[in-house]
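User: Could you zoom in on the strand hairpin in this model and walk me through how it sits against the rest of the chain?

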Amino acid sequence: MSTPAEYYHSLPPVSKTFGVACLMTTAAYYLNFYDAKNIALLYGLVFKRFQVWRLITNFFFLGPFSFPFAFRLIMIARYGVALERGPFDKRTADYVWMLIFGALSLLVMATVPYLWSPFMGVSLVFMIVYVWSREFPNARINIYGLVTLKGFYLPWAMLALDLIFGNPLKPDILGMVAGHLYYFLTVLHPLAGGKFKFNTPLLVHKVVAYWGEGNQMNSPVQSNPSAGIVFRGRSNRLGGAQSTTVRRTPQETSEGANSSPQQQNQGGGIAFQGRSYRLNG
């Protein structure tokens, strides 16, 4: 078995960062480093006193140390990691944009007084679970060793469990709404022949590239060369020539001069031609 440190380093970057941020936020609250009211989503203080950090910090508080808190972290570690390693593999910027879009959607819904909640982190976690259920609808899920069901029904099973345990249902429902909105714009609408393309903004690609964690297929920007990336190279346009300089022996030079242009063009260094699709990918 791997050690906790090995397990931690094996986690994909986005899910690991989100989970650690939630854990550290609750740990700091447990140690009385801050008052939870100082990071809650209070629009009156956001607009009147310009406490804009509340728009972000409220998503990292999943409640005090308790069984529901541990269960939310497990959901990030299981379903968030499964998404990042599966449908969003080599699409780090797209996964970051999914979380940002979910957070923005929840902030908009929170402007309605009835839908407002001081901390929207639980809803964001439930959004991850909903998107996972749509990406893995036929996966077999075992709940407490009592019930086995398909992944498509997981959000509804979680909703029923919260109802049984007496937990509020509103955060779960808001997360399902945000998750369905994202899945509709990125998958269902394009499959139905819709012309609107819900692409990841260029700014998100630039931030992820500067961050230097993960990678993105067909990214419009290159990774930060000083961020410690294992692979550092330049992309090549289809049909373009490489600019890498290779030292060759005199014998290899004479043999290369006698080869035909068609032979020289083979193995142009293009590893992938075309565009990727998430469905069934």
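**A close look at the hairpin**

Analyst: Let's start with V147, which is partly exposed at 43% relative accessible area (partly exposed lies between buried, under 20%, and exposed, over 50%, with a 1.4 Å probe and protein chains only). Keep in mind that this is a predicted model: local features need pLDDT of at least 70, side-chain atom pairs need 80 or more, and totals for chains, interfaces and linings take in all residues. Numbering runs from 1 along each chain as its sequence is written, and side-chain values use heavy atoms, without hydrogens or water.

V147 belongs to β2, residues 147-150 (strands are DSSP E runs of at least two residues, helices H or I runs of at least four, numbered from the N terminus). β2 pairs with β1 in the antiparallel sense through four bridges (pairing takes at least two DSSP bridges). One of the bridge partnerships joins N142 to T148 in β2. Three residues separate the two strands of this hairpin, and Y144 in the turn has a positive phi of about 55°.

Y144 and V147 also share a nonpolar surface patch with F67, L146, I164 and F165, together about 700 Å² of accessible area (Shrake-Rupley, 1.4 Å probe; patch members have over 30% relative accessible area and no salt bridge, and nonpolar side chains are joined within 5 Å; a salt bridge is a Lys or Arg side-chain nitrogen within 4 Å of an Asp or Glu carboxyl oxygen).

Which β1 side chains are buried? I141 and I143 are, on one face, while R140 and N142 point to the other face and are not. I141 is also among the residues in contact with Y79 (heavy atoms within 4.5 Å), as are W132 and M158.

Conventions
Patch = residues over 30% accessible without salt bridge, like charges linked within 9 Å, V, L, I, M, F, W, Y side chains within 5 Å. Lists of a residue's contacts leave out its neighbours within four places in sequence.
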